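Open your viewer, set the display to cartoon, and keep the selection box handy. We will walk from one stop to the next, picking residues as we go.

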Amino acid sequence: MNTKNFFIETWGCQMNEEDSEKLSGMLKSIGYTKTTQKDTADIIIFNTCCVRENAELKVYGNLGMLRKLKKNNPELIIAVCGCMMQQKNMAKDIIKRFPFVDIIFGTHNAYKFPEYLNRVRYGEKSIIEIQNKEDGIVEGIPIDRESNIKGFVTIMYGCNNFCTYCIVPYVRGRERSRLPENIENEIKSMVEKGYKEITLLGQNVNSYGKNLNPKVSFAQLLRRINNIDGIERIRFMTPHPKDFTDDVIEAIKQCDKICEHIHLPVQSGSTRILKKMNRNYSKEQYLKVVDKIKRSIPNVAITTDIIVGFPGETELDFEETLDLAKKVQYDSAFTFIYSKRKGTPADEMGEQISDDIKHERFNRLVDVINNSSAKNNKLYLGKSEEVLVEGLSKNDNTKLMGRTRTGKLVNFLGNSDNIGKLTNVHINSTNSFSLSGEEV
Ligand code: 5AD
Ligand code: SF4
C-alpha cells in the first residue's frame, strides 16, 4: 500500500517537542507514516518557537525554502503551528509572506490538526485557526515519542509568572495542571511499553496542582509517581527558584527514583536585575536554595539558564552573575543573549545593551561555566556510574551513549544488547561536556 507521509520540524523547548510527538501520534493513528525526507513528504509541519528572535528567523528562512517544493508539488500540504503563531498578527503576516502555507494553528488547538487537514483536502484554502483562550486540558491524544527508552510527560501547561523578558505566558496561557491520575495512567502505560525514564514537564513545575480541587502539591505528585512500579528514573523541568520549597527537597531526598539533577534557572546573579526581571528572589535567596539542595542531596548536579545583556545590566551587575556562577559551580548552563520580544515589558525598557557588550559578556560567562563543568566532571574519574543506555554514540558508532542519574552524557565501550537498560560504566576520561569510559 502506498501510504502518505509527513515531515515535522520542531524548534524550541521540550514542551514543543512533546507537542510534535502528539501531532505525530495523531497523524500515525489516521494512517500517515513519518519521514525524515522533507523533499518527498506529502505534509510538512513546522512547529515554531518565539522565545528568542533567532528561533523566529530560522522559521522564516525554512519557510522560504518551501516555495519551490510547493511549486513542484501543488498537492503538498504545508502547516505551521506552535508558539510563534500565537503572537498578534503573526498568522496573517505569515500567509501574506508565504501564501502557499495551507494551515496555521496555535498551541491551544493542536489537537484539531486532523480536522484542519481534512478541510484542506475538501478544498479549503489558507486555514488560520488560532485560539487565544486556553480551554482546559485535552487528554487522550495519541503520542508518538521520539525514544522508546525515555520520554516527556507534561504535568502542567502555561505560566503565571510574567518574567519581564519572556513571551511564554502570552503564547501558552495561564497555568493549568493535569489530574494526578491522568499523569499516573500515562506513566503506567509507558512502563508497559518498556520506558525506563520520564521527565515531568511544565513551565513552572513547583506550582503544580494549585488550581486542582482538591489541591495536590508538586511534592505529593513526585511521591505518587515514585510509587509506580517499573519506572527507573524520574526527572523534572523546570522548577522556579522562588517556589523551591522544603517539601520538594524532602521528596527528592526520600524518593529513590528521582534523579540527583536539578535544573534551576537563575537568569541573573544581580538582585537589581532579578527585580527588573520580576523573578521574585534575590541573589542570596537563590544561593540559599542551592545550598539547601546541595546539603540534602549528595552529589547532586545543578544546571541553569542565564541571560546576559538584560536592559540596564551594568558591568557590576554582570560581575554579580559571574560571582554567582562561580559560587554555585554549575554542572552546565544554557546561556542566552537577551533578545527583545514584542509585547513583553522588557522590550519597552530603556538602556538596551549593545550587541558587542552582550557578546563579550556571553563569552566570559561561558568560560566560567565550562570551567566549573570541567572541574565537576573530573570528580567522576575512576568511578563506576549507573548509565541508562540510549543508543549508539553520535560521533563514534563503535561506542554507546547514555546518561548518568546526574544527567551527564557518557560515551563508552559496551555491549549494544544493553541499549534501553541500566548498566555500570567505569569512567576513565572527562571534559567540560561529557564523560567517557568502559562498561563494567
Ligand atoms: N531573551 C533571551 N533568553 C530568553 N529566555 C526566555 N526569554 C528570553 C529572551 N527574551 C531564556 C530563559 C529561559 C529559557 C527557556 O530561555 O533563560 O529560562
Ligand atoms: Fe517565562 Fe518566567 Fe514563565 Fe519561565 S517562569 S516560562 S521564564 S515567564
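## First stop: three cysteines

Start by selecting Cys13, Cys49 and Cys83, which the unreviewed UniProt entry annotates as "binding site". The three are spread over 71 residues of sequence yet cluster in space, with a largest C-alpha distance of 10.4 Å. UniProt positions are given here in the numbering used for this model, feature names are shortened, and annotations may be inferred rather than shown by experiment.

A word on what you are looking at: this is a predicted model, in which local features need pLDDT of at least 70 and side-chain atom pairs count only at pLDDT 80 or more, while totals for chains, interfaces and linings use all residues. Residues are numbered from 1 along each chain as its sequence is written, chains are lettered from A and ligands numbered from 1 in the order in which they are written, and side-chain values use heavy atoms, with hydrogens and water left out.

Now zoom in on Cys49, in the loop between strand S3 (43-48) and helix H2 (53-64). Helices (H or I, at least four residues) and strands (E, at least two) are DSSP runs, numbered from the N terminus. Cys49 counts as buried because its relative accessibility is 8%. The cut-offs are under 20% relative accessible area for buried, over 50% for exposed, and partly exposed in between (1.4 Å probe, protein chains only).

Show the surroundings of Cys49: leaving out residues up to four places away in sequence, Cys49 touches Trp11, Gly12, Asn16, Ala55, Glu56, Cys83 and Met84. Contact here means heavy atoms within 4.5 Å.

Move across to Cys83, in the loop between strand S4 (77-82) and helix H4 (90-97). Cys83 is buried too, with a relative accessible area of 8%. With the same sequence neighbours set aside, Cys83 touches Asn16, Thr48, Cys49, Cys50, Thr107, Val171 and Arg172.

## Second stop: the annotated domain

Colour residues 4-122, the stretch that the unreviewed UniProt entry labels "domain: MTTase N-terminal". This span is 44% helix and 19% strand, and its end C-alpha atoms lie 17 Å apart.

Within that colouring, pick Lys28 in helix H1 (residues 14-29). Is Lys28 buried or exposed? Neither label fits: at 39% relative accessibility, Lys28 counts as partly exposed. Outside four places in sequence, Lys28 touches Phe6, Lys34 and Asp144. Draw a distance from Lys28 to Phe6, 22 residues apart along the chain, and the C-alpha atoms are separated by 9.3 Å.

## Third stop: another set of cysteines

Select Cys159, Cys163 and Cys166, where the unreviewed UniProt entry places a further "binding site" feature. Cys159 sits in the loop between strand S8 (156-157) and helix H6 (168-172), and Cys163 is found in the loop between S8 and H6 as well.

Cys159 counts as buried at 8% relative accessibility, and Cys163 counts as buried at 8%. Which residues surround them? Beyond four places in sequence, Cys159 is in contact with Val168, Pro169, Gly173, Arg174, Glu175 and Gln203. Cys163, by the same rule, is in contact with Met277, Asn278 and Arg279.

## Fourth stop: backbone oddities

Most residues other than glycine have a negative phi, and most peptide bonds are trans. Here are some exceptions to look up.

- **Asn213 to Pro214:** this peptide bond is cis, with omega near 0°. Pro214 lies in the loop between strand S10 (197-201) and helix H8 (218-226).
- **Met237 to Thr238:** this bond is cis, with omega near 10°. Thr238 is in the loop between strand S11 (233-237) and helix H9 (246-254).
- **Asn280:** phi is positive, near 65°. Asn280 lies between helix H10 (271-276) and helix H11 (283-296), in the loop, and counts as exposed at 54% relative accessibility.
- **Glu351:** phi is positive, about 55°. Glu351 lies in the loop between strand S14 (332-337) and helix H13 (355-378), and counts as exposed at 58% relative accessibility.

## Last stop: zoom out

Reset the view to see the whole protein, with its 13 helices and 19 strands. The C-alpha trace spans about 60 × 60 × 50 Å along its principal axes. Buried residues make up 54% of the 440 residues. Among contacts between residues at least 6 apart in sequence, 74% join residues at least 24 apart.
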